[in-house]
Amino acid sequence: MEDMNAIVARNIRRLRDNRQLSLDELARLSGVSRSMLARIERGEGNPTLSTLWKVANGLGLPFDELTVRPKADFELVRAEDVQPILEDGGRVRNYSVFPDGENRRFAVYYMELEPGSRWTSEAHMRGTVEFITVFSGELELEAAGRSLRVGARENLRFPADSEHTYANAGEGVCALEMILYNP
């Protein structure tokens, strides 16, 4: 499977070119420095989830537009074949399993949080709803002024169009699936 940095690099460059934006203009829109954007477009470095969310929001697009892979009629995705996007020093791993690159209006992610880890997500596009299923461990989610604990074999739906935080509230790895619905 193609390297995630190469996929992100190609997609950002294509999206920027389609909008006829310079690196300076995208830097202004996203709050990500021009030099960081240039490195990302060259496939260098390892951009964090937070950085990529800023780019997606700056472009006014769902996050998945940055991680979409070439289309196939059937696609078997193994987590070990997908390069995760890292946060919190690599203790949060987000795997883009099925990005919303075909205007499906939804995307599927698999996330692993090591004990004590946390990640704050930028607000998604207006009206986005997130569906979470926790497979193992315990998740603490802070969103819309609420703090909720979700345990293994529990599910949660919440509005994801404001900043929200995922934290591992348990002793072991917290593994979960996220489905984002983009209206």
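Two strands count as paired when DSSP finds at least two bridges between them. Keep that in mind as you explore this predicted model.

**Stop 1: the four-stranded sheet**

Start by selecting strands E4, E9, E6 and E7. In that order they form an open sheet, and their pairing is antiparallel. Look for the edges next: E4 (118-121) and E7 (146-151) each pair on one side only. If you turn the sheet in your viewer, you can follow its twist, which averages 20° from one strand to the next.

Now zoom in on E6, residues 138-143, and its partner E7. Six bridges link the two in the antiparallel sense. Which residue of E7 does Leu141 stand opposite? Select Leu148 and you have found it.

**Stop 2: strand E5 and its two partners**

Move on to strand E5, residues 129-136. With strand E8 (residues 154-159) it makes an antiparallel pair over six bridges. To see one point along this pairing, show Val129, which faces Pro159 in E8.

Then add strand E10, residues 174-181. Seven bridges join E10 to E5, and the two strands run antiparallel. Here, pick Thr133 and look across to Glu177, its bridge partner in E10.

**Stop 3: the nonpolar core**

Next, look at the side chains. The largest nonpolar core has 48 residues, and the members that touch the most others are Ile132, Leu139, Tyr166 and Leu176. Which helix gives the most to this core? Select H4, residues 49-59, which supplies six residues.

Stay a moment with Leu139 and display what surrounds it. Setting aside neighbours within four places in sequence, Leu139 is in contact with several residues, including Ile132, Tyr166 and Leu176. Also among its contacts are Leu113, Val134, Leu148 and Val150. To continue, color Arg149, Ala167, Ala169 and Cys174, which Leu139 touches as well.

**Stop 4: where two helices meet**

Finish with helix H4 again, this time together with H2, residues 23-30. The two helices pack at an angle of about 100°, and their axes are 8 Å apart. Angles of 65 to 115 degrees count as roughly perpendicular, so H2 and H4 are roughly perpendicular to each other.

To light up the contact, select Leu26, Leu29 and Ser30 on H2, then Lys54, Val55, Gly58 and Leu59 on H4. How many of these residues are nonpolar, polar and charged? Coloring by class shows four nonpolar, two polar and one charged.

Methods. Residues are numbered from 1 along each chain as its sequence is written. This is a predicted model: local features need pLDDT of at least 70, side-chain atom pairs count only at pLDDT 80 or more; totals for chains, interfaces and linings use all residues. Side-chain values use heavy atoms; hydrogens and water are left out. Axes are lines fitted to C-alpha atoms, for helices over the stretch in contact, and angles run from 0 to 180 degrees between N-to-C directions. A nonpolar core is a set of buried Ala, Val, Leu, Ile, Met, Phe, Trp, Tyr and Cys residues joined through side-chain atoms within 4.5 Å. Buried means under 20% relative accessible area, exposed over 50%, partly exposed in between (1.4 Å probe, protein chains only). Contact means heavy atoms within 4.5 Å. Angles under 35 degrees count as roughly parallel, over 145 as roughly antiparallel, 65 to 115 as roughly perpendicular and the rest as oblique. Ala, Val, Leu, Ile, Met, Phe, Trp, Tyr, Cys and Pro count as nonpolar, Asp, Glu, Lys and Arg as charged, and the others, Gly among them, as polar.
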